[in-house]
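Subject: Structure handover

Hello,

Here is the structure I said I would pass on. My notes follow below it.

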2 protein chains.
Amino acid sequence: MRTSEGTGARQSTLRSSNLALVLRTVCAADAPLSRADVAVRTGTTRATAARLVDELVAGGLLDEGERLALPRRGRPATPLLPGARIGALGLQVDAGLLAARLLDLRGRVVAERVEEDDLVGSDPARTLARLGALATDLLAGPAGELRLAGAGLALPGLVDAEHDLLLRAPNLGWSDVDAVGLLAAHLPDALRPAPGNEADLAARTVAETAPGRPGPLRDFLYLSGQIGIGGAAVVGGRVMTGSAGWAGEVGHVCVDPDGPACRCGSTGCLEQYAGRHALLGAAGLPLDTTPAEVVDRAAAGDADVRRALDAAAHALGVALAGVVNVLDLPAVVLGGHLAALAGPLRPRLEELLGRRVLSARWRRPVVAAVTGPPAAGATGAALRALDDVLADPVRRLG
Amino acid sequence: MRTSEGTGARQSTLRSSNLALVLRTVCAADAPLSRADVAVRTGTTRATAARLVDELVAGGLLDEGERLALPRRGRPATPLLPGARIGALGLQVDAGLLAARLLDLRGRVVAERVEEDDLVGSDPARTLARLGALATDLLAGPAGELRLAGAGLALPGLVDAEHDLLLRAPNLGWSDVDAVGLLAAHLPDALRPAPGNEADLAARTVAETAPGRPGPLRDFLYLSGQIGIGGAAVVGGRVMTGSAGWAGEVGHVCVDPDGPACRCGSTGCLEQYAGRHALLGAAGLPLDTTPAEVVDRAAAGDADVRRALDAAAHALGVALAGVVNVLDLPAVVLGGHLAALAGPLRPRLEELLGRRVLSARWRRPVVAAVTGPPAAGATGAALRALDDVLADPVRRLG
DNA sequence: GGGTTTTGTTCTTCCGTAGAACATAAAGCA
DNA sequence: TGCTTTATGTTCTACGGAAGAACAAAACCC
């Protein structure tokens, strides 16, 4: 690839570009649009918009809803919706769960299976076979009518995007695993899920509420608190995966060079203060304590817990301020176990960001917490596959 | 703006897109191309490529070179070059200099004026009037035949991209300055230079060697060492300016929360270890010592200087490793005074990056130093204006 | 029931690229 | 010298896609 400059645009390029535009427009709208609405929003004529819509409807990428007679003058419009029969499969392996989730183009969860289990130190082949069975089971269910547009696999570690390899997943204790190959052997057909970093994919669920529909935040830093801490920077609605796909390792930003040693070989990493294990250890609590219990104990006045939370907030403030200084992000979104701890963490964190971020005087970064279902990585993996359809609908039309 | 989704593509969109493609292709090539070369590289037919080239030549965006008879079979080709009569003006104010530089579409410096002076604490109106006079003088010179496509102004501080305001330039001691307005009053015609952060613009000179011609590095972190330290992350050849244009403040990434207070209100900022003033102070040298002298003294065995350099390298290692962990950048480019110090800094810095960057095991970040003319910001400002022409040549064709 | 209003469709025109044929300008070769 | 070969550049027709205008459809209003 990378011959030089991309290729010249011809008439057919124009058509596919406009098809993608129409599809994105319908997906981005928060209420069903008519053909006339599409024409207005895309700046094309009604004739052209209708032609493009017809083609997308014929291909199943758009559905025509029931003409509901609103008390309006004029001919009633035919409402257009993203195709309900186009779906994608999102899979996730994490230290604490296996998940398979099926989403349609409207962003609805058609079916899902989530199995909680302690997978730390598990055998990759066995675990991925389990996930494959879970997914096969899911696909055999009510999803039979769905046309699968693709699949994705969220992995809690460094993924080599070029060779589709899981280089290292510290939480699982896995290294150099051909996760896609091991999984695909237990999936129907030639379904090869595209692997991705869990935090990168989970961040997508914040950036868009449904395929092609932008969420309230378009620029933010997402933090995925697991045993360790993953992250992803989202700029203009796009997840920054980096040149090799290794971006977002916020957990290993240095908070204090003289701090405790980290398993990554460095010292004083954020994860050593705000990671789940580190925080519970500092609080003197067993490692299976839930975030809710931590919050309760802090509220009850447990000094050790309060101190640990304070240290975590301080570490987060120092590390995230650095990231925000470099990337100019107006918001930080806490996910994973950090979402549940947002209450006690937020005041100190926001105060530190306000003090340590150079541009805070003009725009103070805000701290938000996600409140979604578990296994956001699986949802994000499905979203990514569906976004690929939105980017190039012609491939689906055949 | 931001109505919804962008606008539908029509026939004319196709033409302008292909014009831009052809222009970019010629600019990106490192040897003059023929019409036939353009056809091959863009994937269009010779007929189409020739038509587009003709239009660009007529508009002055491309020039036809002399048909030089190479010892080759076949009809000799007409070499195509970026238009030599399209130019842009790059301006820069810095703590130590004023600069005006005129670049043409081929990336050649047509004319320049650089005045060194201590501008710390200077009066913005007066200084910008001086720069305006410098630029006016420059434009009256041999540049008379040049068609100005635009102008840019590099400023050493936070620039509000929306309102074209310089919010704060600590090195100059300026705050809330309408730099563009003050400058435009002393420029000919209705020339309003687009303001930008100095480091962002200087990073461009590394990312592209001429308008539209990619440099050897496409993903890197640029460090602009002045009195303080500015920076810019370049991803895929594009400078990440952030949602408000405030990105790249690497100088205020925290190295040690218990470190010295910074003028930004935070503590332990990178700039307090590796900034020019901080480094010279720690080395016990006067503030006007040149980087070359520092290197000499270190080589001569001056313990204080060595200690200061070591502390700077350590601080850079800690801070930059964090940035690289978050952005997955394969290279760090040292600019400003840090470029001259690259020799003594590099070993320790590369070692630290190798240890603290999570993905270093698979790809070790490299440290490079720029070796260009001074006032890279001015060059970058001109490049940006010329890149705007490349992005939309139709506007220039009228 | 006729006028109004909005949606959706049909038909012609225009425009840009593809593709093929042709013209041009050199080198190679007998 | 003249013919062949080769690559560049130009001319001409065909095709496909969007614009624009006119028309048909399906509701409301009075």
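Which residues come nearest to DNA strand D? Thr48(A), Arg35(B), Ala47(B), Gly74(B) and Arg75(B) do, out of the 30 residues around that strand. Please keep in mind that this is a predicted model.

DNA strand D

Two elements of chain A, helix 1 and helix 3, give two or more residues each to the surface near DNA strand D, and so do helix 2 (35–42) and helix 3 of chain B. Helix 1 of chain A has the largest share, with five residues. By class, the surface near DNA strand D has twelve polar, nine nonpolar and nine charged residues.

DNA strand C

Around DNA strand C there are 30 residues, and the closest are Arg35(A), Ala47(A), Gly74(A), Arg75(A) and Thr48(B). Here the elements with two or more residues in the surface are helix 2 (35–42) and helix 3 (46–58) of chain A, along with helix 1 (11–28) and helix 3 (46–58) of chain B. Helix 1 of chain B gives the most, five residues. The class division for the surface near DNA strand C is nine charged, nine nonpolar and twelve polar.

Ala47(A), one of the closest residues to DNA strand C, sits in helix 3 of chain A. Ala47(A) counts as exposed because it has 10 C-beta neighbours inside 10 Å, and the cut-off for exposed is 12 or fewer. Its C-alpha atom is separated by 9.1 Å from that of Arg35(A), twelve residues apart along the chain.

Helix 1 and the annotated span

Helix 1 of chain A covers residues 11–28. Its 18 residues should span 26 Å at 1.5 Å a residue, and the end C-alpha atoms are 26 Å apart, so the two agree. The buried residues of helix 1 of chain A include Leu19(A), Leu23(A), Arg24(A) and Cys27(A).

UniProt, in an unreviewed entry, lists residues 22–62 of chain A as "domain: HTH iclR-type". That span is 68% helix and 2% strand, and its end C-alpha atoms lie 10 Å apart.

Contact between the chains

Chain A and chain B each bring 54 residues to their contact. On the side of chain B that touches chain A, at least two residues each come from helix 1, helix 2, strand 14 (229–235), helix 10 (303–327) and helix 12 (342–356). This side of chain B has 25 nonpolar, 19 polar and ten charged residues.

Regards

Conventions: Residues are numbered from 1 along each chain as its sequence is written. Chains are lettered from A and ligands numbered from 1 in the order in which they are written. This is a predicted model: local features need pLDDT of at least 70, side-chain atom pairs count only at pLDDT 80 or more; totals for chains, interfaces and linings use all residues. UniProt positions are given in the numbering used here, feature names are shortened, and annotations may be inferred rather than shown by experiment. Helices (H or I, at least four residues) and strands (E, at least two) are DSSP runs, numbered from the N terminus. A residue is near a molecule or strand if its C-beta atom, placed from the backbone, lies within 6 Å of it. Ala, Val, Leu, Ile, Met, Phe, Trp, Tyr, Cys and Pro count as nonpolar, Asp, Glu, Lys and Arg as charged, and the others, Gly among them, as polar. A residue is buried if 20 or more other C-beta atoms lie within 10 Å of its own, exposed if 12 or fewer, and partly exposed in between; C-beta atoms are placed from the backbone. The expected span of a helix is 1.5 Å times one less than its number of residues. Two residues are in contact if their C-beta atoms, placed from the backbone, lie within 7 Å.
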